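Please look over the model shown here and work through its fold with me, from the chain as a whole down to single strands and helices.

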Amino acid sequence: MHFDGGEHQMVGLAGASVRLPSEARGADQVVLTEHLMSSPDFTVIDGLPAPDVQPFGLLDALPEDVLAAAKQWERHIVEVETGLPPHAPLNTTPRPEYDPAKHSLAERQRAKARSWASATAPSKTGSCATPLKDCGG
């Protein structure tokens, strides 16, 4: 790939970080993928293009209860990552604890964990409700 004024070969990937060896600098670079791919001079020099994968039907074989649980998880994950639940109406503002302009991803994750902890606390009847389903007590 071409990046930062030179050619590089990716030799490692860990989470959102890419390791690029650098003979000119004498040490490897570890770069966030978002930074790498948004760099104005980033280009893939050699390699096959990614195949087109159609998302249609990928979840059709799942039982309804599994699909419903996956959609609930998606709602929570998307809200933590972006500040808004999926398919939020235009001009929707994030809830304060999930606003990416005010809180880091780690802070938003902790806010979601606190939300779940309070949602799973036993009620006066001895039962509890988790973010994904009800549970009897």
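The questions and answers below go from the overall chain to the sheet and then to a helix pair.

This is a predicted model, in which local features need pLDDT of at least 70 and side-chain atom pairs count only at pLDDT 80 or more, while totals for chains, interfaces and linings use all residues. Residues are numbered from 1 along each chain as its sequence is written, and side-chain values use heavy atoms, with hydrogens and water left out.

Q: Which pattern of helices and strands does the protein chain follow along the sequence?
A: Helices (H or I, at least four residues) and strands (E, at least two) are taken as DSSP runs, numbered from the N terminus. The protein chain has three helices and seven strands. Read along the sequence, their pattern is β-β-β-β-β-α-α-α-β-β.

Q: What percentage of the 137 residues of the protein chain count as buried?
A: A residue is buried under 20% relative accessible area, exposed over 50% and partly exposed in between, with a 1.4 Å probe and protein chains only. Of the 137 residues in the protein chain, the buried portion is 15%.

Q: In what order do the three strands of the open sheet stand?
A: Two strands pair if DSSP finds at least two bridges between them. Strand β3 (residues 12-14) pairs with β4 in the antiparallel sense over three bridges, and four bridges join β4 to strand β5 (residues 29-32), again antiparallel. The three strands form an open sheet with antiparallel pairing, in the order β3-β4-β5.

Q: Which side chains of strand β4 point to one face and are buried?
A: In a regular strand the side chains alternate between the two faces of the sheet. Along β4 (residues 17-20), Ser17 and Arg19 point to one face and are not buried, while those that point to the other and are buried are Val18 and Leu20.

Q: Why are α2 and α3 oblique to each other?
A: Axes are lines fitted to C-alpha atoms, for helices over the stretch in contact, and angles run from 0 to 180 degrees between N-to-C directions. Angles under 35 degrees count as roughly parallel, over 145 as roughly antiparallel, 65 to 115 as roughly perpendicular and the rest as oblique. The axes of α2 (residues 64-82) and α3 (residues 105-119) come within 9 Å and cross at roughly 140°. The two helices are therefore described as oblique.
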